[in-house]
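Thanks for sharing this one. Here are a few friendly notes to read alongside the coordinates.

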Amino acid sequence: MKTVITSILMTVVLTVLVGIIYPLAMTGIAQLLFPAQANGSLMMRDGKVVGSSLIGQSFGLPQYFHSRPSAAGTGYDGMNSGGSNLGPTSKALMDRLTHDRDSLIKLYPELNGVALPADFLTTSGSGLDPDISVANAMLQAPIVARVNNLNVDTVRALVTAHIQGRDLGFLGEPRVNVLALNLDLLRRTKTPSL
């Protein structure tokens with residue numbers, strides 16, 4: 001009986017410590033030291049939340065830079081994160097890539113004959129990647145400039161200003177956060193909404 005009582009007491013004590021006190025302490029520390037990150041790295045425009053710098057989203061209009069495609073649910077669905085799990089020998093993947101490439105070329109004839117960066121057509125492992133490669137952003141720059149009646153060098157300079165280097169100087173590749181880039185583009189074009 002003594003063992004049962006000890007077990008019950010230990011369960012209650014550990015539940016309170018690990019299930020209540022520890023999470024509250026970590027939440028408090030995170031709010032003090034890293035409030036933006038603890039609250040989801042939200043990005044604002046005109047006092048309204050327009051997204052998170054950590055989760056990709058779809059930009060359907062040609063005046064915006066486009067994120068890489070998403071395989072998360074119906075697209076950028078945080079509740080359904082995940083890749084398509086289609087491998088490089090998958091006919092379904094090749095058919096989708098070919099269809100997407102042909103659709104893009106029909107919409108943007110200037111892409112015909114251009115070698116597209118891999119992240120222009122392929123999805124990320126999570127389906128929620130908020131970043132694109134520098135090559136992808138630079139390829140989109142002339143299209144965005146044309147549609148917004150901007151000088152292409154101005155748009156390329158905007159992309160360059162948003163390049164994030166490798167993490168810790170050696171992890172990953174240089175990249176561009178699409179939401180941050182589009183918000184900056186909107187400030188320059190004085191477009192009323194995202």
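**Notes on three loop residues**

1. Let me begin with a side-chain contact: in this predicted model, the side chain of Ser 124 comes to 3.0 Å from the backbone nitrogen of Gly 127. A second backbone nitrogen, that of Asp 129, is reached by the Ser 124 side chain at 3.5 Å.

2. Where does Ser 124 sit? You will find Ser 124 in the loop that runs between helix 4 (118-121) and strand 3 (131-133). Ser 124 has a relative accessible area of 10%, so it is buried, the cut-off for that class being under 20%.

3. It is also worth displaying what surrounds this serine. Leaving aside residues up to four places away in sequence, Ser 124 touches Arg 68, Pro 69, Gly 83 and Asp 129. Asp 129 thus appears in that set and also supplies the backbone nitrogen at 3.5 Å from the serine side chain.

4. Now to the backbone angles. Most residues other than glycine have a negative phi. Asp 46 is not a glycine, yet its phi is positive, at about 55 degrees. Asp 46 belongs to the loop between strand 1 (42-45) and strand 2 (48-52). Is Asp 46 buried or exposed? Its relative accessibility is 66%, so Asp 46 counts as exposed.

5. Please look at Leu 168 as well. Leu 168 has a positive phi, near 55 degrees, and is a residue other than glycine. Leu 168 lies in the loop between strand 4 (163-164) and strand 5 (175-177). With a relative accessible area of 72%, Leu 168 is exposed.

How values were computed
Residues numbered from 1 in each chain as written. Predicted model: local features only at pLDDT ≥ 70, side-chain atom pairs only at ≥ 80, totals over all residues. Heavy atoms only, no water. Helix = DSSP H or I, 4+ residues; strand = E, 2+ residues; numbered from the N terminus. Buried < 20%, exposed > 50% of the residue type's maximum accessible area, 1.4 Å probe, protein only. Polar contact = N/O pair within 3.5 Å; in protein donor to acceptor, adjacent residues only side chain to side chain. Contact = heavy atoms within 4.5 Å.
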